[in-house]
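This briefing sets out selected side-chain contacts, ring pairs and pocket features of one protein chain. Please read it alongside the sequence and the structure shown here.

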Amino acid sequence: MNKKELVEAITDRVGDKKTATEAVNAVLDAIQRAVASGDKVSITGFGAFEMVHKPARTARNPSTGDPIKVEESWAPRFRPGAEFKEQVNAGGKASAQKKL
């Protein structure tokens, strides 16, 4: 599902496409701004978004084996909540049974 399909799915619940688009954009923008400023965003039953630090390190070029310096960076991380994990696990089991 991409953003357009998400808006269409929400349109069925809120009534019109303009409201659904604004809602999706507002939620995504709020999450991005909060995480970028260092806040953790927790949505009960869904999961948590947070910023993590990746320290500088030395890696290897797989082609030549030469060492490469990788600078420190910050990255977003999502950790799914228990209810989300259960739902995905149930869906995975159901799709695996369909393939058999």
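**Briefing on the predicted model**

Lys54 has its place in strand E2. The structure is a predicted model. In this model, the search for salt bridges yields two, and the search of the whole structure for aromatic pairs yields five. The largest pocket has a volume of about 330 Å³. The points below are grouped by topic.

**Strand E2 and contacts across the sequence**

- Lys54 counts as partly exposed because its relative accessibility is 46%, which lies between the limits of 20% and 50%.
- Between Lys54 and Glu72 the C-alpha to C-alpha separation is 5.5 Å, although the two are 18 residues apart in sequence.
- Glu50 is also found in strand E2. Its relative accessibility is 17%, under the 20% limit, and Glu50 therefore counts as buried.
- Ile68 belongs to strand E4, which covers residues 67–70. With a relative accessibility of 37%, Ile68 is partly exposed.
- The C-alpha atom of Ile68 is 5.6 Å from that of Thr58, and these residues are ten apart along the chain.

**Salt bridges**

- How many salt bridges does the model contain? The count comes to two.
- One of them joins the side chains of Arg79 and Glu50, with an N to O distance of 2.9 Å. Arg79 lies in strand E5 (residues 73–80) and Glu50 in strand E2 (residues 47–54), so this pair ties together parts that are 29 residues apart in sequence.
- Is Arg79 buried, partly exposed or exposed? Arg79 is partly exposed, at a relative accessible area of 40%, whereas its partner Glu50 is buried at 17%.
- The side chains of Glu50 and Arg79 also make a polar contact, at 2.9 Å.
- The side chains of Arg33 and Asp29 form a salt bridge as well, again described by an N to O distance of 2.9 Å. Both residues lie in helix H2 (residues 17–36), four residues apart, which is about one turn of the helix.
- Arg33 has a relative accessible area of 58%, over the 50% limit, and therefore counts as exposed. Asp29, at 33% relative accessibility, counts as partly exposed.

**Aromatic pairs**

- The whole structure holds five aromatic pairs. Among them is the pair of Phe46 and Phe84, which is stacked, with 5.1 Å centre to centre and 15° between the planes.
- Phe46 lies in the loop between strand E1 (41–43) and E2, and Phe84 lies in helix H3 (residues 82–99), so the pair ties together parts that are 38 residues apart in sequence.
- Both rings of this pair belong to partly exposed residues: Phe46 has a relative accessible area of 36%, and Phe84 has one of 27%.
- The ring centres of Phe49 and Phe78 are 4.8 Å apart and the ring planes meet at 45°, so this pair is tilted. The angle is neither under 30 degrees, as stacking would require, nor over 60 degrees, as an edge-to-face pair would require.
- Phe49 in strand E2 and Phe78 in strand E5 are 29 residues apart, and their pair links distant parts of the chain.
- Phe49 is partly exposed at 21% relative accessible area, and Phe78 is partly exposed at 31%.
- Which residues do the ring pairs link into a cluster? The cluster consists of Phe46, Phe49, Phe78 and Phe84.

**The largest pocket**

- Rolling a probe the size of a water molecule over the atoms shows where empty space is left.
- The volume of the largest pocket is about 330 Å³, and 13 residues line this pocket.
- Which lining residues lie nearest the centre of the largest pocket? They are Leu6, Val27, Leu28, Ile31 and Phe49.
- Helix H1 (3–14) and H2 each supply at least two residues of the lining. The largest share, seven residues, comes from H2.
- By class, the lining of the largest pocket comprises twelve nonpolar residues and one polar residue, with no charged residues.
- Phe49 thus appears under two topics: it belongs to the cluster of ring pairs and is among the residues nearest the centre of the largest pocket.

Note on methods:
Residues numbered from 1 in each chain as written. Predicted model: local features only at pLDDT ≥ 70, side-chain atom pairs only at ≥ 80, totals over all residues. Heavy atoms only, no water. Salt bridge = Lys/Arg side-chain N within 4 Å of Asp/Glu carboxyl O. Buried < 20%, exposed > 50% of the residue type's maximum accessible area, 1.4 Å probe, protein only. Phe/Tyr/Trp six-rings, centres within 6.5 Å; stacked < 30°, edge-to-face > 60°. 1 Å grid on protein atoms, 1.4 Å probe; cavity = no way out; pocket = protein on both sides within 12 Å on 5 of 7 lines; lining within 4 Å. Points joined across faces, edges and corners; volume = space filled by probe spheres on them. Nonpolar A, V, L, I, M, F, W, Y, C, P; charged D, E, K, R; others polar. Polar contact = N/O pair within 3.5 Å; in protein donor to acceptor, adjacent residues only side chain to side chain.
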